[in-house]
Amino acid sequence: MTDKTRTEPAFDTEAQLNDAQAYDQATPAYEEPAAARSRLAWLRDIFRMSGHKAQPRVGLVILGFSVLFIAITGRLALLATLPNEQVGIRRASSNAISAARPDIVDRNGEILATDIGVVSVFAEPRKILDKDEATELLTAVLPDLDAKDLRDKLGTKKGFVWVKREITPRQQAEVYRLGIPGVGFLPEHKRVYPNGPAAAHVLGFANIDNIGIAGMEKYIDSQGLQDLNGAGLASEASDLKPVKLSIDLRVEHVLRDELVKGMERFKAIAAAGAIMDVTTGEVLALVSLPDFDPNNPVDALEKDRINRMNVGVYEMGSTFKALTIAMALDSGKVNINSTFSTAGGMMRFGRQVIKEYHGTGRTLTVPEVFVHSSNMGSIKMALAVGVEGHKAFLKKMMQLDRMTTELPESAAPIVPQRWGEINTATIAFGHGLAVAPLQALAAVAALVNGGYLMKPTFLKRSQEDAMKVATRVIKPETSEALRYIMRINGERGSARKADVPGYFVGGKTGTAEKVINGRYAKNKNFTTFTAIIPSDKPKYLFLAIYDEPKGYAESGGYSTAAWNGGVTTGKLIERAAPLLGVTPRFEPPASPFPLMAKLGAWGSR
């Protein structure tokens, strides 16, 4: 055998020799590759803390950053060159997940609108080999699809197309069993309204992309919901705080039920109504008929389905006499015992003649003007204040400008371009000025709540919060006078139809002839009825409206407000007052209107 020899290094000292021998005993007898020895030496040089080795350390840092930069650049390039369909799928999936909406609940926490999870079918046309076969198979399990439209979609070069949005679980299973390459599913959010048409005009609705289109749904989006969605901070409804409305679902159902019955009984072409808390401005119920089902709002944009309370503008008839009397009393130019002659039953303004509807032909006190709904008495009060004073008061009462609430939909009032004495005369008894019923309701609320005007709200709020935004518009004494005359009218006048025992009801009728092609139509009325409970300290204000109601046997053929709006409001109070927590009192309050009694107002004895 040939001996293997190893050349021993020379050692300067005996100690070095001993160390080397110990190392040889502990180390396998092989040669370390030269390349490995070179790399180790290079790394040792880099991390050795000496000034002349700084250049290798800088080189390592540069190398590290270069590798990181190349990796990021490569990733961006990869994303930029991804197939279009992957980008499309990514974008569609992101939109579907982000389009969550918060629950909408009524003042008691009952669900009015919520999201449910659904699945939608999409296709990647570039991955579908046989477009015709795919079209045939998909339309077989989804028969409401348009075959030509689907074939056109699948024939494009797009990376992503919707096949059908919001399918049922059964349809999903059937599509899945087809096994078509390039066809898949994405989760989405679908907006549902468990109570059907209840509060439809308040809620509005959301479109198929879960974006608010009208009502409170659109309002919610305007408050930043879409920004949250875009930032990915609201992917589920549970991520969002429920929106609590002022609406009471129980009372909403009652109001709609009574208006549906009334619309049928009085053969009206439309109806509307609302209930408001006069101490907070909260709208507890609002209905406009015909309405729609927000779950399927295909007919929501038809012109006869507008929100008549907020979008329609109408001459409110004699309900406006409450504003005229309040203006006259608050100005100091008229007091509760002032009298006005109605002899002759008519007044002339140039070629215009204004007549009494049911004239008495005698002198009337202020309460009597209200009870007999005297046009002449109302005109004389308005003229006592003057044209400019009249305009200023109505502007202060929010009747001459568009009223804004949380609902995006609203209409501006129709105000005379030239306002002279004849305009003041007609507006005094509710003709010649058309307003949204909700803004008229807000004004009446201020007349009876002590004199504080506040914009109506559809969000729940406390009385303390309401008073922070309220404006005093009339004196407390004027407010007591208005409550008093409304109660007198409920007992003895045209509001008797709504005088439900125990609730101390006050009210006012209003009947206006509709304007058709610029002329008043004698046989087409727009009727309104307002009522407060209880009159001594009002909490709730009711409004019922009918468009073109017809007379009937019990009314003797009359179609005026007492015979339709009054009847409906009486039934509404009977059903809604207990739900609102108003306790009936079968003994009248001892001194409900102390100032009126002190002044000896007509009817107080």
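This report describes the overall composition of a predicted model, followed by one of its helices, a neighbouring buried residue and a selection of its salt bridges.

## Overall composition

The chain has 605 residues, of which 51% are buried. Its secondary structure consists of 20 helices and 20 strands. Among contacts with a separation of 6 or more, 70% are between residues 24 or more positions apart.

## Helix α11 and its surroundings

Helix α11 spans residues 321-331. It is largely enclosed by the rest of the structure, because 10 of its 11 residues are buried. These buried residues are Lys321, Ala322, Leu323, Thr324, Ile325, Ala326, Met327, Ala328, Leu329 and Asp330. The elements against which they pack are α12, α13 (375-385), α14 (387-396), α15 (421-428), α16 (437-448) and α18. After the helix comes Gly332, with a positive phi near 85°.

One of these partners, α18, covers residues 476-492. Two packed helices are described by the angle between their axes and the distance between the axes. For α11 and α18 the angle is about 145° and the axes lie 10 Å apart. The crossing of α11 and α18 is right-handed. On the α11 side the contact involves Ala322, Ile325, Ala326, Leu329 and Asp330, while α18 contributes Thr478, Ala481, Leu482 and Ile485. Of the residues in this contact, seven are nonpolar, one is polar and one is charged.

Lys321 belongs to α11. This lysine is buried but has no salt bridge. The nearest side chain of opposite charge is that of Glu356, at 6.2 Å; a salt bridge requires a side-chain nitrogen of Lys or Arg within 4 Å of a carboxyl oxygen of Asp or Glu, so this pair does not qualify. Beyond residues up to four places away in sequence, Lys321 touches Phe370, Ser373, Ser374, Asn375, Ser378, Ala428 and Phe429.

## Val369 in helix α12

Helix α12, formed by residues 366-371, contains Val369. Val369 has a relative accessible area of 1%, and because buried means under 20%, this residue counts as buried. Leaving aside neighbours within four places in sequence, the contacts of Val369 are with Phe340, Leu364, Ser374, Gly377, Ser378 and Met381. Ser374 and Ser378 are also among the residues that Lys321 touches. Between Val369 and Thr342 the sequence separation is 27 residues, and their C-alpha atoms are 9.4 Å apart.

## Salt bridges

The model contains 32 salt bridges. Three of them are listed below.

| Pair | Closest N to O distance |
|---|---|
| Asp132 and Arg151 | 2.6 Å |
| Lys148 and Asp152 | 3.2 Å |
| Arg585 and Asp536 | 2.9 Å |

The salt bridge between Asp132 and Arg151 links distant parts of the chain, with Asp132 in helix α5 (residues 131-141) and Arg151 in helix α6 (residues 147-154), 19 residues apart. Arg151 has a relative accessible area of 28% and is therefore partly exposed.

Lys148 and Asp152, by contrast, both lie in α6, where four residues, or about one turn of the helix, separate them. An α-helix has 3.6 residues a turn, so residues three or four places apart point the same way. Lys148 is exposed, with a relative accessible area of 62%, whereas Asp152 is partly exposed at 42%.

The salt bridge of Arg585 with Asp536 also links distant parts of the chain, as the two residues are 49 residues apart. Arg585 is in the loop between α19 (565-579) and α20 (594-599), and Asp536 is in the loop between β19 (519-533) and β20 (540-547). The relative accessible area of Arg585 is 34%, which makes this residue partly exposed. Asp536 has a relative accessibility of 18% and counts as buried. Elsewhere, Arg101, Asp115, Arg191, Glu217 and Asp221 are joined into one network by salt bridges that share partners.

## Lys127 before helix α5

Lys127 is placed in the loop between β2 (111-123) and α5. Its relative accessibility is 42%, so Lys127 counts as partly exposed. Lys127 and Leu154 are 27 residues apart in sequence, and the distance between their C-alpha atoms is 9.7 Å.

Key:
Residues numbered from 1 in each chain as written. Predicted model: local features only at pLDDT ≥ 70, side-chain atom pairs only at ≥ 80, totals over all residues. Heavy atoms only, no water. Buried < 20%, exposed > 50% of the residue type's maximum accessible area, 1.4 Å probe, protein only. Lys, Arg positive; Asp, Glu negative; His and termini not counted. Contact = heavy atoms within 4.5 Å. Axes fitted to C-alpha atoms, helices over the stretch in contact; angles between N-to-C directions. Left-handed = near helix turned anticlockwise from the far one by under 90°. Nonpolar A, V, L, I, M, F, W, Y, C, P; charged D, E, K, R; others polar.
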